[in-house]
Amino acid sequence: MERPQPRAGDLSWRLSSHPITLLFFLGFRISSLLFYILGSIFTNNFILVFIVTILLLAADFYYLKNIAGRRLVGLRWWNEINTASGDSHWVFESQDRSGSVEAGAPSQNATDKRFFWLALYAQPAWWVVLAIVSVVRLLNPIWLSLIVIALILTITNTLAFSRCDKFSQASSLASSAMYSGGMARNLAGGLFSRLFRG
């Protein structure tokens, strides 16, 4: 009996366009949760668990923001601060998702996208569950501080990539509408007719 072949979009790392990036991404996402859970169960050394979990969360934050997001789904974000006014604003960058030869960017892999978005939304949910368990079990309140830090880091990335995805969908919709032959021709024709009509 033959095993069915995995299809595009299935959750199999072998279908990934970037399997090493995907495995490191999933490794960082899972390692901080596992270390916190196992550390809180098997040891009372809060300092060790805190430091290692924070380092794993920081590595996950950096890797997701700067490497995995760009390679797996073609999205990047960063925060810029205007030195004159002190105002900060988020900047979003996205690859062309059409996969056209003119754009020079490969099409997005369905498997990479599913793994990325599933892991992106699942990790903050798991930290919320751990926060509830920590409150119910009445663990030492200091353990809750680590969960709050983890939630801040994971929710920041989740919100930023969600906004980046919405921004890229809106910009690709606008560019496809503007550059489709009929609409661009009609806009240009209407503009020139108004200019030369007087």
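Here is a walk through this protein, from its overall layout to a few of its contacts.

The model is a predicted one, in which local features need pLDDT of at least 70 and side-chain atom pairs count only at pLDDT 80 or more, while totals for chains, interfaces and linings use all residues. Residues are numbered from 1 along each chain as its sequence is written, and side-chain values use heavy atoms, with hydrogens and water left out.

Let's start with the overall plan. The protein has 5 helices and 2 strands; these are DSSP runs numbered from the N terminus, with helices (H or I) of at least four residues and strands (E) of at least two. Following the sequence from start to end, you meet them in the pattern α-α-β-β-α-α-α. How many of the 198 residues count as buried, as a percentage? The answer is 30%. Here, buried means under 20% relative accessible area, exposed means over 50%, and partly exposed lies in between (1.4 Å probe, protein chains only).

Now find helix H1, residues 19-42. You can check its length yourself: the expected span is 1.5 Å times one less than the number of residues. For the 24 residues of H1 that gives 34 Å, and the end C-alpha atoms are 33 Å apart, which agrees. H1 does have a kink of about 25°, centred on Ser31. A bend of this kind is the angle between axes fitted to the seven residues ending at a position and the seven starting there.

Which residues of H1 are buried? Thr21, Leu22, Phe25, Leu26, Arg29, Ser32, Leu33, Tyr36, Gly39 and Ser40 are. A general rule helps when you read such a list: an α-helix has 3.6 residues a turn, so residues three or four places apart point the same way. Ile30, also in H1, counts as partly exposed because its relative accessibility is 45%. Together with Leu34, Leu38, Ile41 and Phe42, Ile30 makes a nonpolar surface patch of about 530 Å². Such patches are built from residues with over 30% relative accessible area and no salt bridge, joining nonpolar side chains (Val, Leu, Ile, Met, Phe, Trp, Tyr) within 5 Å and like charges within 9 Å. The areas come from the Shrake-Rupley method with a 1.4 Å probe, and for residues only the protein chains shown count as cover.

Next, look inside. A nonpolar core is a set of buried Ala, Val, Leu, Ile, Met, Phe, Trp, Tyr and Cys residues joined through side-chain atoms within 4.5 Å. The largest one here has 19 residues, and Phe25, Leu64, Phe116, Trp117 and Phe161 touch the most other members. At least two residues of this core come from each of H1, helix H2 (46-73), strand E1 (75-81), helix H3 (110-136) and helix H4 (141-179). H2 gives the most, with 6 residues. Leu64 deserves a second look, since H2 bends by about 50° at Leu64. Just after H2, Gly74 takes a positive phi of about 75°.

Charged side chains make contacts too. A salt bridge is a side-chain nitrogen of Lys or Arg within 4 Å of a carboxyl oxygen of Asp or Glu, and by this rule the count is 2. In one, Asp60 pairs with Arg29, with the closest N and O atoms 2.7 Å apart. Asp60 lies in H2 and Arg29 in H1, so the pair ties together parts that are 31 residues apart in sequence. Are these two buried or exposed? Asp60 is buried at 2% relative accessible area, and Arg29 is buried at 3%.

The side chains of Arg76 and Glu93 also meet in a salt bridge (3.5 Å, N to O). This pair links distant parts of the chain, with Arg76 in strand E1 and Glu93 in strand E2 (residues 88-94), 17 residues apart. Arg76 is partly exposed at 28%, and so is Glu93 at 34%.

Finally, visit Trp127 in helix H3. With 0% relative accessibility, Trp127 counts as buried. Trp127 and Leu33 are 94 residues apart in sequence, and their C-alpha atoms are 7.7 Å apart in space. Val148, in helix H4, is 21 residues from Trp127 along the chain, with 8.5 Å between their C-alpha atoms. Val148 counts as partly exposed, at 42%.
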